[in-house]
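User: I have a structure open and would like to talk through a few of its residues and then the overall fold. Could you take a look with me?

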Amino acid sequence: MYFRKTTSSDFPAIFQIYESSVSFMKEIGNPNQWKNIEDIKNRVGDDVKKGISHVLVDEGKIQAVFTLLETSDPTYQTIEGKWIDNSPYFTIHRIAVKEHNKGYASACFHYAYLQNKHIRIDTHEENLPMRKLIEKEGFTYCGKIHIEDGSPRLAYEKVVSFSELLLNWYQEKGRKLPWRENPSFYHVYLSEIMLQQTRVETVKRYYERFLETLPTLQDLANAEEDVIMKLWQGLGYYSRARNLQKGARHIIEKDLSCDTYEELLKVPGIGEYTAKAILSIVYNKPYIAVDGNLIRIYSRLCCSSYDSKSKEIKDRCNKYFLSLLEKDPGSFNQALMDLGELVCLPNTLPKCEDCPLKQFCQSYKEKNQEKYPISLKKGAKKEIDKTVFLLSYQGKYLIRKRPNKGLLASLYEFYNVDKDFHLPEAKEYLEKNGFSINSIRKDKKGKHVFTHLIWEMSGFRVELKDFPKDLGFLLVTKEELEELYPIPSAFKIYLTEILK
């Protein structure tokens, strides 16, 4: 479904819609609506020439047509009543749809709101379907006006709120994500932990695979750690997975309802952002989940500079959006999340023409969107040279478990050393450290970027004469490497080579 301006080539299709609408009006007892169809066609022709006629296209066909007038309408200056707002407004004229009860008329209204949040409209008193739609859309009745032929019309007005514009956009443009289909506590909890520092597209397949194996919070609490780590393999930041299980056990042991902010903050792995996201999405409580996306949107909306390490910007952002929240906190938060991902983009110019909030955006008005957000430069990451030994013995591979604390804790790894060896040096190092070598050759170079450091890796394939029993290694098959043992993505390039 999309909108565009009408062209002369659309005339046959849109005239057919108007003719059908006239017949519909007669059926519902309003024969005065557009009784002169030729006059309507002439007016629409003029609207097309002026560039103010629009069509809604769905499934490749024109489904609705309307005129959106951007200048003050003289007719509305002689109202028998009182307008509620004197700011510049748009008027909707000559709206007609091909099929009723398809949501097309509402979609036309929503499109009009995006062009100007202040809208006026009038209709015949007998036009009950239009009056019902106008009232459903939240317009206020202001009084009667008289059009050119002297007949009276009922006049309505609406100033659309920030929240309504955002939620209308979210309903039509929001992302379809698996955890939104059934936003139970466990589903939202799992997805929010996975989404920490990870892109949505990456999380989707992990989320679905995780639920296939551990469909309930109780299953998560009872699972073996290696099972969880294997399901998490490739997502990175593995402490999240460990805290996820600790959190599940804590919730079950304490029999927590998890519907208060104070309770959630006591759950391992749940911080301020995740707690507020859960409370708004699962329990519909009025919280704003402030992250980098929301701070970026707020910064552009208000032309606000800030220190990215300061708590003050979070507080200002939270108060701003909380003051604009009218209803449905879960959708409001998720709409802002989607707006940051789809429209108000990071590290590039935002897609302002697609933004439902541009009428509220100060940086859009001042045409300086590229200036915001203003953030501090990040420090350089530490680089570490590393040699990775792919040790094998009789067709199986040697791996070992990393320590329970620190980087990549409790995961399995190939033997590696924080040094860059040439081949003779690598052979000499292994022999000095208790390995009996049958053959050794160079393998691929690799690179892995962590939040705070970079590994520059060189690999060696090593076939051993004997298995070193006292050095803490496991001897595993390719199938076990792939299915049982969680190998961090830092070693993905080497794991992929082995699995070939």
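User: Which backbone atom does the side chain of Gln233 reach?
Analyst: The side chain of Gln233 reaches the backbone nitrogen of Ile487, at 2.8 Å. That falls under polar contacts, meaning a pair of N or O atoms within 3.5 Å, where within protein one must be able to donate a hydrogen and the other to accept it, and where residues adjacent in sequence count only if both atoms are side-chain atoms. Please keep in mind that this is a predicted model, in which local features need pLDDT of at least 70 and side-chain atom pairs count only at pLDDT 80 or more, while totals for chains, interfaces and linings use all residues. Residues are numbered from 1 along each chain as its sequence is written, and side-chain values use heavy atoms, with hydrogens and water left out.

User: Where is Gln233 placed, and what is it in contact with?
Analyst: Gln233 is in the loop between α10 (225–232) and α11 (239–254), where helices (H or I, at least four residues) and strands (E, at least two) are DSSP runs numbered from the N terminus. Leaving aside neighbours within four places in sequence, Gln233 is in contact (heavy atoms within 4.5 Å) with Tyr206, Arg209, Tyr238, Tyr485, Pro486, Ile487 and Leu495.

User: Is Gln233 buried or exposed?
Analyst: Gln233 counts as buried because its relative accessible area is 18%, and buried means under 20%, exposed over 50% and partly exposed in between, with a 1.4 Å probe and protein chains only.

User: What about Ala223, where is that found?
Analyst: Ala223 is found in the loop between α9 (217–222) and α10, and at 10% relative accessibility Ala223 is buried. Not counting residues up to four places away in sequence, Ala223 touches Leu214, Ile228, Gln245 and Arg249.

User: And what separates Ala223 from Asn368 in space?
Analyst: Their C-alpha atoms are separated by 52 Å, the two residues being 145 residues apart along the chain.

User: Switching to Thr274, which side chain does its own side chain meet?
Analyst: The Thr274 side chain makes a polar contact with the side chain of Gln196, at 3.1 Å. Thr274 is in helix α13 (residues 272–283) and is buried, with a relative accessible area of 3%. Apart from neighbours within four places in sequence, Thr274 is in contact with Glu192, Ile193 and Gln196.

User: Backbone angles next: what is the phi of Arg94, and what is that of Asn101?
Analyst: Arg94 has a positive phi of about 50° although it is not a glycine, and Asn101, also not a glycine, has a positive phi of about 65°. Arg94 is in strand β5 (residues 90–97) and is buried at 17% relative accessibility, whereas Asn101 is in the loop between β5 and α3 (104–115) and is exposed, with a relative accessible area of 82%.

User: Now the whole chain: how many helices and strands are there, and what are the overall dimensions?
Analyst: The chain has 20 helices and 15 strands, and its C-alpha trace spans about 105 × 50 × 45 Å along its principal axes. The radius of gyration is 31 Å, where a compact globule of 500 residues would have one near 23 Å; the radius is taken over C-alpha atoms, and the globule rule is 2.2 Å times the number of residues to the power 0.38.

User: What share of the residues is buried, and what share of the contacts is long in sequence?
Analyst: Of the 500 residues, 52% count as buried. Among contacts between residues at least 6 apart in sequence, 67% join residues at least 24 apart.
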